[in-house]
Amino acid sequence: MRVRMLFFGVLREMVGKSTDLIDVPEGASVRDAIARYESQIPRLKESLSSLALAVNQQYAGPDTKLSANDEVALLPPVSGGAIEGTIHQRRAWIVRETIDTPRTVAAIKRGEDGATVVFEGVVRIQTRGRKTLYLDYEAYEEMALEQMESLADKAVQQFQIRDVAIVHRLGRLEIGETSVLIAVASAHRAAAFDACRWLIDTLKRTVPIWKKEYFEDGAVWADGEPFPPEIPRANS
């Protein structure tokens, strides 16, 4: 049976392609599919302890059984169109143009809110002592959007806030531009602050979005934070 393999960020460069169609026997697992590449690419085998896996846009373990036409994604640690619709129809967006912070915040605010907390992740001019020229973000888009929507729903339930909006930009970003926006509306400021901090921290660890940093003397994929323990690793 045939399955589709997806590679992102540094893995895409390591394997030399972003997608691959391979044939595996009936009853094969994700581990069997990965083994196809381990023998060919030693660096990939060395990286398995830090990688997460997804099958059909859901985190999965290496022993997950595969079916024909499944989509298997290998995910390195995350760096973690115009907005359509309204905040009440959706809570998360992925865009490729400038994030409109005032518009997003204005759309989420209501008369019953006593606080609106806004976080913006901004491209800075230096990273680890090196001058940054620009950043380039990529994502496993379908899964990233689903994960962002799930985080927003969990935040509303967990922190008793009224609403939240999460917007992440992909593609090339210049110095000073906003890469991610989180806006939280709540009756009380404490809940809004707590929810906003939890959202950005969790997004940076679990949502499959990666960034490549371009410097005057070269380019590197940003080191991501380790996946949380509840997400299986590729070699577990």
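**View 1. Helix H6 (residues 189–206) lies across S7, strand S10 (163–169) and S12.** Against S12, the helix runs at about 150°. Axes here are lines fitted to C-alpha atoms, for helices over the stretch in contact, and angles run from 0 to 180 degrees between N-to-C directions. Contact means heavy atoms within 4.5 Å. The labels are DSSP runs numbered from the N terminus: helices are H or I with at least four residues, strands are E with at least two. Before you zoom in further, note that this is a predicted model, where local features need pLDDT of at least 70 and side-chain atom pairs count only at pLDDT 80 or more, while totals for chains, interfaces and linings use all residues. Residues are numbered from 1 along each chain as its sequence is written, and side-chain values use heavy atoms, with hydrogens and water left out.

**View 2. Four strands make an open sheet in the order S6-S10-S12-S7.** The pairing is mixed, and two strands count as paired if DSSP finds at least two bridges between them. At the edges sit strand S6 (92–95) and strand S7 (115–122), each of which pairs on one side only. On average, neighbouring strands of this sheet are turned by 10° against each other, direction ignored. Follow S7 to strand S12 (residues 178–186) and you find eight bridges in the antiparallel sense. One spot to pick out is Val 122, whose bridge partner in S12 is Thr 178.

**View 3. Ser 186 is tucked away in strand S12.** Is Ser 186 buried or exposed? Ser 186 is buried, because its relative accessible area is just 2%; buried means under 20%, exposed over 50% and partly exposed in between, using a 1.4 Å probe and protein chains only. A polar atom of its side chain lies 3.2 Å from the backbone oxygen of His 188. That fits a polar contact, which is a pair of N or O atoms within 3.5 Å; within protein, one must be able to donate a hydrogen and the other to accept it, and residues adjacent in sequence count only if both atoms are side-chain atoms. Leaving aside residues up to four places away in sequence, Ser 186 touches several others, including Asp 113, Gln 160 and Ala 191.

**View 4. The largest nonpolar core has 32 residues.** A nonpolar core is a set of buried Ala, Val, Leu, Ile, Met, Phe, Trp, Tyr and Cys residues joined through side-chain atoms within 4.5 Å. Those with the most contacts inside it are Ile 161, Val 164, Ile 166, Ile 182 and Val 184. Seven elements are worth finding here: S6, S7, strand S9 (130–139), H5, S10, S12 and H6 each give two or more residues to this core. Zoom in on Ile 182, and among the residues that it touches are Val 117, Phe 119, Val 164, Cys 196 and Leu 199. There's also a second, separate core of 25 residues, which includes Ile 22, Tyr 37, Leu 48 and Leu 66.

**View 5. Helix H4 (residues 101–108) has a buried face.** Its buried residues are Thr 101, Thr 104, Val 105 and Ile 108. Why do they line one face of the helix? Seen down the axis of H4, they fall within an arc of 95°, so they line one face; the arc is that of the directions from the helix axis to the C-beta atoms. These residues pack against S7, S10 and S12. Over on the other side, Pro 102 and Ala 106 are exposed. At the N-terminal end, Asp 100 acts as a cap for H4, with a side-chain oxygen 3.1 Å from the backbone nitrogen of Arg 103.

**View 6. Strand S3 (residues 52–55) is covered on both faces.** Ala 52 and Ala 54 are buried on one side, and Leu 53 and Val 55 are buried on the other. In a regular strand the side chains alternate between the two faces of the sheet. Strand S5 (residues 71–75) pairs with S3 over four bridges in the antiparallel sense, with Ala 54 opposite Ala 73. Strand S4 (residues 58–60) is also antiparallel to S3, joined by three bridges, and here Ala 54 stands opposite Tyr 59. S3 and S4 form a hairpin with two residues between them, and Asn 56 in the turn has a positive phi of about 55°.
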